[in-house]
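Q: I'd like to learn how to read a protein model feature by feature. Could you walk me through one?

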Amino acid sequence: HSPYDPPERLFDKYLKYNITNPPYQRFVNNTSWDKEYKMNHGKKMPNNAWHGDPGTSAAHRSRAGYLANAEFVDEGIGQILNALRDHNNLLDGFLIIWTADHGDMNGDHNLWRKGFPWEKSSHIPTMMRLPTKTNAADTIPPPKKARTSQAIVEIRDIAPTIYDALGMLQQVQQRDPLMNGKSLLPILKGQQTRVREWLDLEHSTLYDKNIHWNAIVGYTNDETRSGSDETLWKYIFNAFDGSEQLFNLTNDPDETNDLAVNEDFKEVLGALRQRMVTQFEDEGRGVEFVKNGTLAVRKNGMVWGDHFPCLKRSRSHLRLETPIAVSK
């Protein structure tokens, strides 16, 4: 992420690209929910701005720098893969997983940087290259050609997948009950299309008091009659003021149409809201998160985790027996 400081040769390459066209163009609706983030109130945007429209030229340079940085990282990964391939073809014995911890709005919806619930920040790719040699190749027979999956996965799934490929996932889970991700081997083997039906996301206060949110991405299945089992939804709860957003990611992956105020989707909104309430109650988060069966407004930033590190020994891996919530 920023600062975008790629080698000059790559930066110049993308500066010359016409990145006002797909797939590089900056997506701004400006007629819906993202309009409010365009406002600079007559002031020049600072270099560390998290929202605003800096103008076509500055946005072009920022996105060119981001794309150039991405290619520079790709070159480095390519050098590693080539070295493994050239050294007795070690590459064929490796399970290689490529992912990231967050995206970057990079001007989409008039937003910049990370930490947002919207797709360009929260939706990241995961790619795997399977081994063709060693015992792991018997565990995960590599496909004859590359394939894609729309399954909902997350970073917590990486470690269980590796342990599963090594044939030791059960032993690790018995020794470490805190491992709560999902192995992706059933998807890689073609045995399942999903490892979960939904996933929760959250972030405490960032940049501004309004950027404090919880979200759910998933399928509603039989909970509603809107859409189908294959309709992917996103529900966002703004913890600062209690406002909500609802997006049909299957039909609207760019999140242009907020359906939270549309009566036709009241049932979906209610189902996903209740799913969040139930999760918070099951986790024992207390009245700071749910009060009288309703999601609670939280004016102050709050960090919560069911396996939150011990505050007095924050650099250790010790965990408290009782989950805690910490207000900033």
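Q: Let's begin with a single residue: where is the place of S121?

A: Happy to start there, and keep in mind that this is a predicted model. S121 sits in helix 3.

Q: Is S121 buried or exposed, and how do I decide?

A: The general idea is a cut-off on relative accessible area, with buried meaning under 20%. S121 has 3% relative accessibility, so it counts as buried.

Q: What does the side chain of S121 reach?

A: For a polar side chain, look for a nitrogen or oxygen partner. Here the side chain of S121 reaches the backbone nitrogen of G115 at 3.2 Å. If you leave out residues up to four places away in sequence, S121 touches H102, G103, D104, M105, K114, G115 and F116. G115 therefore appears twice, once as the polar partner and once in the contact list, where contact means heavy atoms within 4.5 Å.

Q: Now a step back: how many helices and strands does the chain have?

A: The secondary structure comes to eight helices and 10 strands. The chain has 328 residues, and 38% of them count as buried. Another global number is the share of contacts between residues 24 or more positions apart: it is 59% of those with a separation of 6 or more.

Q: Which residues of helix 5 are buried, and why do they lie on the same side?

A: The general idea first: an α-helix has 3.6 residues a turn, so residues three or four places apart point the same way. In helix 5, which spans residues 158–165, the buried residues are I158, P160, T161 and A165. They cover an arc of only 165° around the axis, and that puts them on the same side of helix 5.

Q: What happens just after helix 5?

A: Check the backbone there: G167 takes a positive phi of about 75°.

Q: Which residues have a positive phi although they are not glycine?

A: Most residues other than glycine have a negative phi, and most peptide bonds are trans. Two cases to look at here are R113, with a positive phi of about 75°, and Y207, with one of about 70°. R113 belongs to the loop between strand 1 and helix 3, while Y207 is found in the loop between strand 3 (198–203) and strand 4 (213–218). As for accessibility, R113 counts as partly exposed at 29%, and Y207 counts as partly exposed at 28%.

Q: How do I read a pocket, and what volume does the second largest pocket have?

A: Read the volume, then the lining, then the chemistry. The second largest pocket has a volume of about 1,200 Å³. Its lining consists of 30 residues, and Y66, A70, G103, D104 and P125 lie nearest its centre. Helix 2 (56–86) and helix 3 (119–122) each supply at least two lining residues, and the largest share, seven residues, comes from helix 2. By type, the lining of this pocket divides into 14 nonpolar, eight polar and eight charged residues. You have met G103 and D104 already, since both touch S121.

Q: And cavities: how many of 30 Å³ or more are there?

A: A cavity is closed off, unlike a pocket, because a probe fits inside but cannot get out. The count comes to one cavity of 30 Å³ or more. About 40 Å³ of space lies in the largest cavity. F27, D108, H109, E119, K120, P253, D254 and E255 line it, and they divide into two nonpolar, one polar and five charged residues.

Q: Where does H109, one of those lining residues, lie, and what does it touch?

A: H109 is in the loop between strand 1 (96–98) and helix 3. H109 is buried, with a relative accessible area of 3%. Not counting residues up to four places away in sequence, it touches F27, V28, W33, D34, Y37, D254 and E255. Among these, F27, D254 and E255 also line the largest cavity.

Q: One last exercise: how far apart are the C-alpha atoms of I187 and A151?

A: Compare separation along the chain with separation in space. I187 and A151 are 36 residues apart along the chain, with their C-alpha atoms separated by 8.2 Å. I187 is in helix 7 (residues 185–188) and is buried, with a relative accessible area of 13%. Its contacts beyond four places in sequence are R147, S149, A151, Q192, T193, R194 and V195.

Conventions:
Residues numbered from 1 in each chain as written. Predicted model: local features only at pLDDT ≥ 70, side-chain atom pairs only at ≥ 80, totals over all residues. Heavy atoms only, no water. Buried < 20%, exposed > 50% of the residue type's maximum accessible area, 1.4 Å probe, protein only. Helix = DSSP H or I, 4+ residues; strand = E, 2+ residues; numbered from the N terminus. Arc of directions from axis to C-beta. 1 Å grid on protein atoms, 1.4 Å probe; cavity = no way out; pocket = protein on both sides within 12 Å on 5 of 7 lines; lining within 4 Å. Points joined across faces, edges and corners; volume = space filled by probe spheres on them. Nonpolar A, V, L, I, M, F, W, Y, C, P; charged D, E, K, R; others polar. Polar contact = N/O pair within 3.5 Å; in protein donor to acceptor, adjacent residues only side chain to side chain.
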